[in-house]
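Hello,

Here is the structure I promised to pass on. Please open it and keep it beside you while you read.

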Amino acid sequence: MKTAAFIIIAIATASSLTYAKDAALVAKGKAIFKVNCETCHGEKADGMGPAGQYMSPHPRNLVKDKFKAGDSTAQIYNTVTNGLPNTAMVGFPQLTDADRHAVAAYVKSLRAH
Ligand code: HEC
């Protein structure tokens, strides 16, 4: 009985640690988004940023539009790294690898699941 209780506590602690780690990554990604993406994609990531609202085509609504290049975290990371050819969505090779992972995790967290 004691062992079972210990295991339950251990599992609960491990999963809340994972959650905290993800939450920290998403929070970091949000800060990166604010600096690098918001002018186009907007504060709500709806494609209506100060510059984005005048663009045609609009920057993607990152919450609900379909992504051409896929919307897994890894695919979003690729888009952030390389951009989409012949669009205003340029790549961000100047961001560190870790920063591109974080911003991809943030974008993924905005998607309706
Ligand atoms: C200069 C404006 C601009 C900036 C800055 C910008 N984007 Fe975009 N983004 C666009 C446009 C425009 C599109 C839609 C391109 C198209 O028509 O296919 C787009 C599309 C996307 C897509 C959808 C890709 C797909 O597969 O359909 C993602 C994801 C994305 N942007 C993420 C980001 C992230 C993350 C950042 C910041 C690191 C960022 N964008 C910065 C303009 C921008």
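Below is what I found, taken part by part.

Please keep in mind that this is a predicted model.

First, the long helix. α1 covers residues 2-36, which makes 35 residues. From its first C-alpha to its last it reaches 51 Å. That is close to the 51 Å expected at 1.5 Å a residue.

Is α1 largely in the open or largely buried? Count its buried residues: the number is 3 of 35, so α1 lies largely in the open. The buried ones are Gly-29, Ile-32 and Phe-33. What covers them includes α2 and α4.

Next, the ligand. There are 23 residues around it. Which come nearest? They are Cys-37, Cys-40, Pro-59, Ala-69 and Met-89. Three helices each supply at least two residues of this shell: α2 (38-41), α3 (73-82) and α4 (97-110). By type, the shell divides into 16 nonpolar, 5 polar and 2 charged residues. So α2 and α4 turn up twice: they help cover the buried residues of α1, and they supply residues to the ligand shell.

Last, one residue to look up: Ala-98. You will find it in helix α4. Is Ala-98 buried or exposed? A residue counts as exposed if 12 or fewer other C-beta atoms lie within 10 Å of its own. Ala-98 has 11, so it is exposed. Now find Leu-25. Ala-98 and Leu-25 are 73 residues apart along the chain. Their C-alpha atoms are separated by 9.5 Å.

Best wishes

Note on methods: Residues numbered from 1 in each chain as written. Predicted model: local features only at pLDDT ≥ 70, side-chain atom pairs only at ≥ 80, totals over all residues. Near = placed C-beta within 6 Å. Helix = DSSP H or I, 4+ residues; strand = E, 2+ residues; numbered from the N terminus. Nonpolar A, V, L, I, M, F, W, Y, C, P; charged D, E, K, R; others polar. Expected span 1.5 Å × (residues − 1). Buried ≥ 20, exposed ≤ 12 C-beta atoms within 10 Å, placed from the backbone. Contact = placed C-beta atoms within 7 Å.
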